[in-house]
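Colleague: I am new to this structure and would be grateful for a guided reading of it. May I put my questions to you one at a time?

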Amino acid sequence: MDGQEKSDRSVVPKKRPNKVAGAAAEAVEGRDRGKGNAGQQNARRTQSRASAPNALDRVREAARRDKKARFTALLHHVTVERLRAAFEALSKQAAPGVDGVSWEQYREELEANLRGLHSRLHRGAYRAKPSRRAYISKADGRLRPLGIAALEDKVVQRALAEVLNAIYEEDFLGFSYGFRPRRGQHDALDALAYGIRWREVSWVLDADIRGFFDAIDHEWLLRFVEHRIGDRRVLRLIQKWLRAGVIEEGKKHVMEEGTPQGATISPLLANLYLHYVFDLWSHQWRRRRARNEVIVVRYADDFLVGFCNRADAAQFLAELRKRLQRFGLELQPDKTRLIEFGRYAAERRARRGQGKPETFDFLGFTHICGRSMDGKHFVLMRQTMRRRMTAKLRELKAQLARRRHTPLDEQGQWLGRVVRGHLEYYGVPTNSRAICAFRDEVTKLWRQALRRRGSRRGTQWCHMHRLAEQWLPPARIQHPWPDERFIVKTRAKSRVR
């Protein structure tokens, strides 16, 4: 759309819908409205009238009303105030990028720095810096490459991502949960549990895309962005970040494809890429091609698809491989499986003499077909993935060795935070045994560390139990049953459909 509204400089939809009492959620997915951003670019027409809607609210409303509208002027929404909010939202302890500038250093002359950054950004003098390559260990022992962006790049990326989210949160489908406002891993886990429990799911496709963040095709990505974004300045910004490359061992490597994991803008670009490559396609497939019900849950590049019959599952998998190949992606062979799973999987496999149903892992939990205590009802068991727990305990052991001679109170406070964070994530119903085991193992590791610094007398088990009671929170379930929370959040409108 070429016309620009003078008062807002944003695209206005061609046709306004009939008035409704409230914003209509997406019919199929039952999504909530995207979260607004308060306090920026509010203008009053007269002193007596109330403030006009927030500028991003107007963008959001235009995106909701016209799904084909292209926004030709967006960069003016990246104001000094929005840059300041983006800076304040950054982690103060984050490692610096190639510029070597830390959060505290940049804050010393914050207003001057932000106004200079804003000026360079809007006159086209802003230059993206390459990311600094770093590696972190994964639960399976491999290393995950990260790209640590320069501080100003982080600020601009976060501010622009907020603007773009106002548009794309109106487009993204309900079964996409990764790196989105007001959505998290437990929302995806709840949706999956609800779908398996109450939908006709007998087969599950557990899939993972090989090296997704490193395989994103830049040309296709920019094409997808241009479906909604017509502001050439925004497009050039995204191109600069994609082509900035990484610095590793003092050498710059230009990236021909992929986005650096760790960059603030990368999750949004990844969601955008998979929205067009996977989400829209799978949504159309289950409406037009599937013989029975199909559920989908995606978190970033990890997704699960549930089917009523094996024929649909096999056909979907075959066509999915071709679909991904067209856009430079492929499934990870050792992480892609089609398994029999669901309410009746155990009975059917028992009749065929095939033993218990297989399990699958998703977002840190192993999902198991179980039964209620009386054996009459199906229960989806979710337990902490063994290799995740093992990796976490190994990491704790190494950190305790480095903290061996710190005061006992400091050790207790730190371990309390670690256990509390673990319980906040893994404390779901049916996982009591695993979280209790984690707390016990932490106590054992703490005892070993204290004994190695010579405190043998004070590390008898009676004393360690008192220390654990004093500093470590009890292993209690932190979350409700997934059905309860899912229904409350979605008002029984399934986000897996």
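Colleague: In which loop is the place of Arg-182, and is Arg-182 buried or exposed?

Modeller: In this predicted model, Arg-182 lies in the loop between helix H5 (151-168) and helix H6 (185-198). Although Arg-182 is not a glycine, its phi is positive, at about 60°. Its relative accessible area is 53%, and exposed means over 50%. Arg-182 is therefore exposed.

Colleague: Where is Leu-363 found, and is Leu-363 buried or exposed?

Modeller: Leu-363 is found in the loop between strand E9 (360-362) and strand E10 (365-371). Leu-363 is not a glycine either, yet it has a positive phi of about 55°. Its relative accessible area is 9%, and the limit for buried is under 20%. Leu-363 therefore counts as buried.

Colleague: Which residues does Arg-228 contact, leaving aside its neighbours within four places in sequence?

Modeller: Arg-228 sits in the loop between helix H8 (218-226) and helix H9 (232-243). With a relative accessible area of 1%, Arg-228 is buried. Leaving aside neighbours within four places in sequence, Arg-228 is in contact with Ala-63, Asp-66, Lys-67, Lys-68, Ala-69, Arg-70, Phe-71, Ile-167, Tyr-168, Asp-171 and Tyr-276.

Colleague: What separates the C-alpha atoms of Arg-228 and Thr-72 in space?

Modeller: Along the chain, Arg-228 and Thr-72 are 156 residues apart. In space, their C-alpha atoms are separated by 8.9 Å.

Colleague: Which residues does Leu-268 touch, not counting those up to four places away in sequence?

Modeller: Leu-268 has its place in helix H10 (residues 266-288). Its relative accessibility is 7%, so Leu-268 counts as buried. From Leu-268 to Gly-178 there are 90 residues in sequence, and 9.2 Å in space from C-alpha to C-alpha. Not counting residues up to four places away, Leu-268 touches Ala-161, Leu-164, Asn-165, Tyr-168 and Phe-172.

Colleague: Which strands stand at the edges of the open sheet, and why is one side of each left without a neighbour there?

Modeller: The open sheet has four strands in the order E2-E1-E4-E5, and its pairing is mixed. Each edge strand has a single partner strand, so one side of each is left without a neighbour in the sheet; these are strand E2 (143-148) and strand E5 (251-253). From one strand to the next, the twist averages 45°.

Colleague: What is the bridge partner of Glu-248 in E5?

Modeller: Strands of a sheet pair through backbone hydrogen bonds, in a parallel or antiparallel manner. Strand E4 (residues 246-248) and E5 pair in the antiparallel sense, over three bridges. In E5, the partner of Glu-248 is Lys-251.

Colleague: How many disulfides does the structure hold, and is Cys-369 buried or exposed?

Modeller: The number of disulfides is zero. Cys-308 has 22% relative accessibility and so counts as partly exposed. For Cys-369 the value is 18%, so Cys-369 counts as buried.

Colleague: What percentage of the residues of the protein count as buried?

Modeller: The protein contains 17 helices and eleven strands. Its accessible surface comes to about 25400 Å², of which 47% belongs to carbon and sulfur atoms. Of its 497 residues, the share that count as buried is 50%.

Colleague: Over which residues does pLDDT stay under 50?

Modeller: The average pLDDT of the protein is 87, and 87% of the residues score at least 70. The stretch where pLDDT stays under 50 has 106 contacts beyond four places in sequence in the model, and it comprises residues 1-53.

Definitions and conventions:
Residues numbered from 1 in each chain as written. Predicted model: local features only at pLDDT ≥ 70, side-chain atom pairs only at ≥ 80, totals over all residues. Heavy atoms only, no water. Helix = DSSP H or I, 4+ residues; strand = E, 2+ residues; numbered from the N terminus. Buried < 20%, exposed > 50% of the residue type's maximum accessible area, 1.4 Å probe, protein only. Areas by Shrake-Rupley, 256 points an atom, 1.4 Å probe, with all protein chains shown as cover. pLDDT = per-residue confidence, 0-100. Contact = heavy atoms within 4.5 Å. Disulfide = S-S within 2.5 Å. Pairing = 2+ DSSP bridges. Axes fitted to C-alpha atoms, helices over the stretch in contact; angles between N-to-C directions.
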